[in-house]
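Work through the exercises below with the sequence and the model open side by side. Try each task before reading its solution.

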Amino acid sequence: APASPNGEHRLALYESIREYAAEKLGQSGTAEAAEARHSAYYLGLAEGAPFELEAARLSLEESNLLAALEREVRWGVAGRGWETPLRLALALGPLVRVRGLTEAERALLDSAVEGARTAPSSPALSAQGLLLRASLRIERGLLAPAEEDLSLALELAGAASSAELKARVRVGRAELWVSSGKLARAEAELT
């Protein structure tokens, strides 16, 4: 097995073997349970990575993390809840910051954020998702949608009674105002 950039050895499957294994798993009747374990494992891995190692470690597991996110979003749409898809999307934050998002990944993030926003199990978690999406929108110059996300995030942070999260949202709002050239509003946001 070839070594990864950090020296770990990684096994890779040929696509034909992967497809055969998926077919056999589907026939066994245990596919859903295996997929749930896969999601739980990669969510735990992503959430447990130390900050300095997150982006590097997550990039090694990118395909597994994205497969878990895609599946969890599908399950969220099917009514199985939005907490896990949103937690996966948030855990991918450091990787997203380093390399950006593809359109398909952006759609998954949007689905997770919107699902959690419309059926919130945790106002704090929903606020964090909106904050991440707003930050990515600011980077792309989508200031009006980012402002909407930040306003909702501030409301949810208040509902969660989280002073730390409210402060993070205010910093996000200051970023927005700086990006739109409204420096006085940015300063007011931080005081």
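The exercises go from the whole chain to helix pairs and then to single residues; the model is predicted.

**Exercise 1. The whole chain**

Task: State how many helices and strands there are in the chain, and what share of its residues count as buried.

Solution:
- Start with the secondary structure: the chain has 11 helices and zero strands. Read along the sequence, the pattern is α-α-α-α-α-α-α-α-α-α-α.
- Next take burial, for which the cut-off is under 20% relative accessible area. Of the 191 residues, 38% count as buried.
- Last, look at how far apart in sequence the contacting residues are. Of the contacts between residues at least 6 apart in sequence, 56% join residues at least 24 apart.

**Exercise 2. The largest nonpolar core**

Task: Find which residues have the most contacts inside the largest nonpolar core, and which helix gives the most to this core.

Solution:
- The largest nonpolar core has 43 residues, and Leu69, Leu92, Leu109 and Leu150 are those with the most contacts inside it.
- Two or more residues of this core come from each of helix H2 (31-48), helix H4 (62-80), H5, helix H6 (93-99), helix H7 (103-118), H8, H9 and H10.
- H8 gives the most, with eight residues.
- Leucine 109 can be followed further: leaving out residues up to four places away in sequence, leucine 109 touches Ala89, Leu101, Leu132 and Leu136.

**Exercise 3. H5 against H8**

Task: Decide how H5 and H8 are oriented to each other, and list the residues that meet.

Solution:
- Two packed helices are described by the angle and the distance between their axes.
- For helix H5 (residues 83-91) and helix H8 (residues 123-139), the axes come within 10 Å and cross at roughly 40°.
- An angle under 35 degrees would count as roughly parallel, and 65 to 115 as roughly perpendicular. H5 and H8 are therefore oblique to each other.
- The crossing of H5 and H8 is left-handed.
- On the H5 side, the residues are Glu83, Leu86, Arg87, Ala89 and Leu90; on the H8 side they are Leu125, Ser126, Gln128, Gly129 and Leu132.
- Sorted by class, this contact has five nonpolar, three polar and two charged residues.

**Exercise 4. H4 against H7**

Task: Repeat the analysis for H4 and H7, starting from their angle and the distance between their axes.

Solution:
- H4 and H7 pack at about 45°, and their axes are 10 Å apart.
- That angle makes H4 oblique to H7.
- The crossing of H4 and H7 is left-handed.
- H4 makes the contact through Glu62, Leu66, Leu69, Glu70 and Val73, and H7 through Glu105, Leu108, Ser111 and Ala112.
- By class, there are five nonpolar, one polar and three charged residues in the contact of H4 with H7.
- Leu69 in this contact is also one of the residues with the most contacts inside the largest nonpolar core.

**Exercise 5. H10 against H11**

Task: Classify the arrangement of H10 and H11 as roughly parallel or roughly antiparallel.

Solution:
- The axes of H10 and helix H11 (residues 183-190) come within 7 Å and cross at roughly 170°.
- Over 145 degrees counts as roughly antiparallel, so H10 is roughly antiparallel to H11.
- H10 contributes Arg170, Val171, Arg173, Ala174, Trp177 and Val178 to the contact, while H11 contributes Leu183, Arg185, Ala186, Glu189 and Leu190.
- The contact of H10 with H11 has seven nonpolar, no polar and four charged residues.

**Exercise 6. Arginine 137 and serine 161**

Task: For arginine 137 and serine 161, say where each lies and whether it is buried or exposed.

Solution:
- Arginine 137 lies in helix H8.
- The relative accessible area of arginine 137 is 18%, so this arginine is buried.
- Not counting residues up to four places away in sequence, arginine 137 touches Asp110, Leu142, Pro145, Ala146 and Asp149.
- Serine 161 lies in the loop between helix H9 (143-159) and helix H10 (163-179).
- The relative accessibility of serine 161 is 68%, so this serine counts as exposed.
- Serine 161 also has a positive phi of about 55°, although it is not a glycine.

Methods:
Residues numbered from 1 in each chain as written. Predicted model: local features only at pLDDT ≥ 70, side-chain atom pairs only at ≥ 80, totals over all residues. Heavy atoms only, no water. Axes fitted to C-alpha atoms, helices over the stretch in contact; angles between N-to-C directions. Helix = DSSP H or I, 4+ residues; strand = E, 2+ residues; numbered from the N terminus. Left-handed = near helix turned anticlockwise from the far one by under 90°. Contact = heavy atoms within 4.5 Å. Nonpolar A, V, L, I, M, F, W, Y, C, P; charged D, E, K, R; others polar. Buried < 20%, exposed > 50% of the residue type's maximum accessible area, 1.4 Å probe, protein only. Core = buried A, V, L, I, M, F, W, Y, C linked by side-chain atoms within 4.5 Å.
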